[in-house]
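The report below reads a single protein chain from its interior outwards. Please keep the sequence and the model in view while following the text.

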Amino acid sequence: MAYTFNGGIHVEEYKNTRRCRIEDFTPVRPVAIPLQQHIGVPCEPLVAPGDTVTIGQKIGDVKAGLGCPVHASVSGTVKEIAERPTTGGSIVRSIVIENDGQNTLCPDLTPYRGRLSDATTEEIISIIREAGITGMGGASFPTYAKVESALGKVDKIIVNCAECEPFITANHRLLLEKPAYVINGVKILLKALGVHTAWLAVEDNKLDAISKLEELTAESNMIEVKVMKTKYPQGDERQLIYALTGEELPAGKLPADIGAVIFNAETCAAIFRAFAHGMPLVKRVVTVDGDCIRHPRNLMVPIGTSFEDIIEFCGGFSRNPKKIIAGGPMMGQAQWDIHTPVVKGTSAILLFSNRFDKRKNADETCIRCGKCVRNCPMHLMPNYIAQYSRIGDHENAEKYGAMSCVECGSCSYNCPGGVEIVQYIRMAKATIRAEQKKLAAASANQSKEK
């Protein structure tokens with residue numbers, strides 16, 4: 001029996017690229033590597049315009065606080081350090097590198113020389129940090145910090161291989177083509193955390209990947225493949241935990257609070273590359289798809305490559321897109337600049353025409369059907385939260401659990417009244433966070449005055 005959770009929805013999968021092998025892509029134009037691709041403090045540049053850099057060379061790092069370094073993804077010359085757009089919609093200081101096409105590796109790259117059994121937790125955490133690895137499922141939380149925060153609190157690792165968003169097949173192809181990288185990354189994490197249980201959670205629409213993983217883990221007494229029912233948003237950490245353990249993660253709590261820690265499949269592969277080859281996170285798999293791209297593909301893309309270069313490599317537009325999205329169609333972010341670069345959390349670039357616009361007219365009307373309530377995986381009342389947000393009553397929006405919303409978009413997807421429910425909830429959350437920040441600052445100032 002496949003594991004599942006309460007609520008959620010069934011969406012058209014559109015896994016058009018599931019048979020497209022991962023192709024290496026080398027940009028010919030300059031790459032722009034943002035100095036903030038993670039939750040935490042932005043990096044400070046370690047290079048200057050005119051400097052020569054090589055692949056894997058550290059070019060930015062955080063002096064203090066939460067964060068992790070960034071590395072050159074191509075070899076060449078630093079052209080400038082300038083403000084550039086990034087996928088989140090903000091303008092971020094970025095290091096622009098003129099690609100020399102030589103693909104010269106940094107001479108300082110060294111794999112871990114000892115045996116995994118001899119590695120200490122501190123050594124593994126240091127390798128993960130120095131490799132600049134963040135959560136590659138989209139959250140971009142520094143992985144070394146997640147490992148540190150889970151030490152002594154967890155008894156199991158859950159590897160999120162669900163990839164429940166429509167269109168995206170980057171993780172699926174990784175599991176088919178490099179399953180040993182993922183499994184070996186899991187073994188490194190098991191050693192670092194000192195635990196003996198890891199579950200590879202894969203949806204049952206990836207039976208070929210499940211078969212490969214089961215074959216490779218058949219003799220392991222620590223790593224087990226867990227087959228999940230295909231349903232959205234199965235990949236959300238709360239839904240994964242409930243499906244596999246039957247435990248609900250309370251609002252405001254982390255998976256570690258109930259004994260689990262979750263890593264994305266590609267994050268695990270990146271950990272193995274750093275440990276075994278000394279290569280930091282300089283590339284990632286990106287699915288390129290949608291009804292406006294001429295040749296959909298899965299590509300291994302250097303960080304900092306512009307969307308424009310990738311679209312050109314895939315044959316360009318087959319028609320003018322109405323929307324370009326970084327990530328999945330349910331939780332991804334619409335882009336306003338085609339020169340936006342791929343970052344560590346970019347799993348897909350999707351190009352859509354009007355055909356994929358679910359809104360039929362500009363009139364938004366809640367018809368009290370209750371579909372959003374029935375489908376909400378967090379068991380909220382999205383209709384009420386959205387209505388309070390629309391009239392600016394953020395106090396009541398918060399009371400109805402706005403901050404517990406995971407923004408999966410299930411409510412908007414199935415709304416027959418065309419209400420952009422999740423967008424209203426996002427607006428409420430942003431306002432609530434701003435108010436909380438203001439109150440915290442005022443409280444801190446009062447404490448100083450005393």
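In this predicted model, Ile-157 is in contact with Leu-189, Leu-190, Leu-193, Val-195, Thr-197, Ala-198, Trp-199, Val-261 and Phe-263, once its neighbours within four places in sequence are left aside. Together with Val-159, Ile-157 has the most contacts inside the largest nonpolar core, a set of 49 residues. Helix H4 (residues 179-193) gives the largest share of this core, namely nine residues. A second core of 25 residues is separate from it, and Tyr-232, Ala-397, Cys-411 and Ile-425 are among its members.

The chain as a whole contains 13 helices and 17 strands. Its radius of gyration is 22 Å, close to the 22 Å that the globule rule gives for 450 residues, so the chain is as compact as a globular protein of that length. Of the contacts with a separation of 6 or more, 73% join residues that lie 24 or more positions apart. Further values for the chain are collected here.

| Property of the chain | Value |
|---|---|
| Span of the C-alpha trace along the principal axes | about 65 × 65 × 50 Å |
| Buried residues | 52% of the 450 residues |
| Accessible surface | about 20,200 Å² |
| Part of that surface belonging to carbon and sulfur atoms | 49% |

Helix H3 (residues 170-177) is mostly covered, with seven of its eight residues buried. Those buried residues are Ala-170, Asn-171, His-172, Arg-173, Leu-174, Leu-175 and Leu-176, and one of them, Leu-174, is touched by Arg-273.

Which side chain of opposite charge is nearest to Arg-273? Arg-273, found in helix H7 (residues 265-277), is buried yet has no salt bridge, and the nearest such side chain, that of Glu-266, is 5.5 Å away. Because a salt bridge requires a side-chain nitrogen of Lys or Arg within 4 Å of a carboxyl oxygen of Asp or Glu, the pair Arg-273 and Glu-266, at 5.5 Å, is not counted as one. Besides Leu-174, and not counting residues up to four places away in sequence, Arg-273 touches Tyr-181, Gly-278, Met-279 and Met-300.

Another link across the sequence involves Thr-121, which has its place in helix H1 (residues 121-130). Thr-121 and Lys-191 are 70 residues apart in sequence, whereas their C-alpha atoms are 7.2 Å apart in space. When residues up to four places away in sequence are not counted, Thr-121 touches Leu-151, Lys-191 and Ala-192.

Key: Residues are numbered from 1 along each chain as its sequence is written. This is a predicted model: local features need pLDDT of at least 70, side-chain atom pairs count only at pLDDT 80 or more; totals for chains, interfaces and linings use all residues. Side-chain values use heavy atoms; hydrogens and water are left out. Helices (H or I, at least four residues) and strands (E, at least two) are DSSP runs, numbered from the N terminus. Buried means under 20% relative accessible area, exposed over 50%, partly exposed in between (1.4 Å probe, protein chains only). Lys and Arg count as positive and Asp and Glu as negative; His and the chain ends are not counted. Contact means heavy atoms within 4.5 Å. A nonpolar core is a set of buried Ala, Val, Leu, Ile, Met, Phe, Trp, Tyr and Cys residues joined through side-chain atoms within 4.5 Å. The radius of gyration is taken over C-alpha atoms; the globule rule is 2.2 Å times the number of residues to the power 0.38. Accessible areas come from the Shrake-Rupley method with a 1.4 Å probe; for residues, only the protein chains shown count as cover.
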